[in-house]
Amino acid sequence: MFEVITGSRLPLCDGTSRRDFLRAGLFALPGLGGLGGLAGGVRASDPAAAGPAVRDKSVVFLFLAGGPSQYETFDPKPDGPDGHTSIKGHIPTALPGVRFASYLPKLAGLADRLTVVRSFQTKHSEHDGAHKQMMTADLTVQDGRPITAPGLGAVYARAAGATNPATGLPRHALVPPTTRNAKGRAGFNGSYEGVVAGCQPALLGTSFSPFEMAAPASEGAVEQKKRGRQNKTEPAAPDPLAVFVPGVPLPQLDGRLDLLKQLDTLDRRADSAGAMGRLDTFTARAADLLRTGSVRNALDLSLEAPATVRAYDTEHFPNWNCDDNSKFVRSGPSVGFSLGRQLLMARRLCEAGAGFVTVVCANWDFHARKGIPNTPEGMGVFGPPLDHAVSAFLDDVRARGLEDKILLVVTGEFGRSGLDKNLGRHHHPKSCPLVLAGGGLRHGQVVGQTDRRGSEPAADPIGIADLHATILHTLLDVGRLRGDAAAPAAVLDRATNGTPIRELFS
């Protein structure tokens, strides 16, 4: 089973608001990024079909929403002053002389397949605006200000075509984090409204909106959690295969479409031009693709090899519970941490023709105040699944011959300050973790360095515009785009406003 969603988000430390969500099982409503977005993509695939400038490559953009600490990940500062070094120490990696925080032993062993950028910095210190900046490269964005710049995935989709003509799959996808509480109710394990807002197409039009979907948490995990509470014992690790059951039955799908038709009827009363009437054809085409075609197969994780499912599994790691009011309760393991399933879904989407897949892992926000965890508490929960899931992804794409075709980007909206007396770290945009792998680029290196305190680049900072240029130069032949009089201005601007990280291309 899989779900296309719009979501209620848990608050981060700045109180980012929650919004009510419609959970339609298979489809979200038109205009909310689900079936409507897919239908729009089918409609737009003709005028925005992929041209010769589009390379046979994809990007998985893993966004660690909340602000991951550079010290507790890829820049532990072994010789840093007190408070400016990894709180749990550091370990050697496969790159001589390079050390990672001890929370990441598997990734340390794969460091020769990574590029760690230690001179990366962002510009905004609050979550919502920083999320939007990361996706749009608009450094003037502030909290509450309307977004006018399109998200990077939408820019790519404008160049490549809203859907893959061979499979019907949307080029631009968003895979959010999900969990379930002990009663089996669906929820989200973090706030990422700004990420979703930053992914939107703005002036490019809704046809390039992200196809937002998520696999539900394991029903086996829910049952294990119930038994654990009843017996007052810690539940055993769930069977990861319990997640992957066949897709929604067709009668249930038909019910969703009936609901869409009813709402479309209401909208038509205000549509003197008849645009909603024309939408029906595209909605039907999108639904047909999802019922019978390769799109549905891409989303049906029950088709995945059991050994691969187990390799990605992160549900066995301890996590916080999500109570009935969607608040974190630090009282034991959760019913499932979704990052492994998200990255597996991202790989399947890329194989099926998606070109830009944003995967969100939230809530990396460890202030040690107002119920927010401190650094060792937070990293003890979030570090092991990150290490495991990303390592599984890297091994999987190599085994499948996709390592040169899929570029993985791992970053957040900003990094963290030195430790305070409560072992908390606070928002710090001058030094932000950034790691890249695959995509046919040069890896096995560290680019740039931070100062002795790990607080900012020692020289030559790399910014968001540079990261976006790097990604677009990987996905597109920018030289050909420059020579194409019909090339979209938004694409050319984003590809050329920054400078690609030269060490990746040399």
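1. Contact here means heavy atoms within 4.5 Å, and the note begins with helix α15 in that sense. The model is a predicted one. Helix α15 spans residues 489-496, and its buried residues are Ala490, Val491, Leu492, Arg494 and Ala495. The elements that cover these buried residues include α3, α4 (152-160), α13 and α14 (478-482).

2. Two of those covering helices also pack against each other. Helix α3 (residues 127-136) meets helix α13 (residues 464-475) at an angle of about 40°, and their axes are 8 Å apart. An angle that is neither under 35 degrees, nor over 145, nor from 65 to 115 is classed as oblique, and α3 and α13 are therefore oblique to each other. On the α3 side the contact is made by Gln133, Met134, Met135 and Thr136, and on the α13 side by Ile464, Leu467 and His468. By residue class, this contact of α3 with α13 divides into 4 nonpolar residues, 3 polar ones and no charged ones.

3. Thr136 deserves a separate look. This residue has its place in helix α3, and with a relative accessible area of 1% it is buried, because the cut-off for burial is under 20%. Once neighbours within four places in sequence are left aside, Thr136 is in contact with Val141, Ile147, Ala149, Pro150, Gly151, Gly198, His468 and Arg494. Of these partners, His468 is also one of the α13 residues in the helix contact, while Arg494 is among the buried residues of α15. The C-alpha atoms of Thr136 and Ala465 are separated by 8.9 Å, although the two residues are 329 residues apart along the chain.

4. On the nonpolar interior, the largest core has 58 residues, and Leu62 and Leu349 are the members with the most contacts inside it. Helix α12 (residues 375-399) gives the most to this core, contributing 10 residues. Leaving aside neighbours within four places in sequence, Leu62 is in contact with Leu339, Val359, Cys361, Leu386, Val390, Leu408, Val409, Val410 and Thr411. A second core, separate from the largest one, has 51 residues, and Phe63, Leu174, Cys199 and Leu492 are included in it. Leu492 also appears among the buried residues of α15. As general background, nonpolar side chains tend to be buried together in soluble globular proteins.

5. The structure holds 18 salt bridges, and a first pair to consider is Lys405 with Asp56, where the closest N and O atoms are 3.0 Å apart. Lys405 lies in the loop between α12 and β13 (406-411), and Asp56 in the loop between α1 (35-44) and β2 (58-65), so this pair ties together parts that are 349 residues apart in sequence. Lys405 is partly exposed at a relative accessible area of 39%, whereas Asp56, at 58% relative accessibility, counts as exposed.

6. A second pair has both partners buried. Asp75 forms a salt bridge with Arg118, with the closest N and O atoms 3.6 Å apart. Asp75 is in the loop between β2 and β3 (90-92) and Arg118 in the loop between β5 (114-117) and α3, so that the pair links distant parts of the chain, 43 residues apart. The relative accessibility is 6% for Asp75, which counts as buried, and 11% for Arg118, which likewise counts as buried.

7. Two further items concern charged residues. Arg398 forms a salt bridge with Glu403, the closest N and O atoms being 2.9 Å apart; Arg398 is partly exposed, with a relative accessible area of 44%, and Glu403 counts as partly exposed at 21% relative accessibility. In addition, Glu304, Arg347, Arg348, Glu351, Asp396 and Arg400 are linked in a network of salt bridges.

8. Two backbone values are worth checking by eye. Most residues other than glycine have a negative phi. Ala137, found in the loop between α3 and α4, has a phi near 60°, a positive value in a residue other than glycine. Asp460, found in the loop between β17 (445-447) and α13, has a phi near 50°, again positive in a residue other than glycine, and at 63% relative accessibility Asp460 counts as exposed.

Definitions and conventions: Residues are numbered from 1 along each chain as its sequence is written. This is a predicted model: local features need pLDDT of at least 70, side-chain atom pairs count only at pLDDT 80 or more; totals for chains, interfaces and linings use all residues. Side-chain values use heavy atoms; hydrogens and water are left out. Axes are lines fitted to C-alpha atoms, for helices over the stretch in contact, and angles run from 0 to 180 degrees between N-to-C directions. Helices (H or I, at least four residues) and strands (E, at least two) are DSSP runs, numbered from the N terminus. Ala, Val, Leu, Ile, Met, Phe, Trp, Tyr, Cys and Pro count as nonpolar, Asp, Glu, Lys and Arg as charged, and the others, Gly among them, as polar. A nonpolar core is a set of buried Ala, Val, Leu, Ile, Met, Phe, Trp, Tyr and Cys residues joined through side-chain atoms within 4.5 Å. Buried means under 20% relative accessible area, exposed over 50%, partly exposed in between (1.4 Å probe, protein chains only). A salt bridge is a side-chain nitrogen of Lys or Arg within 4 Å of a carboxyl oxygen of Asp or Glu.
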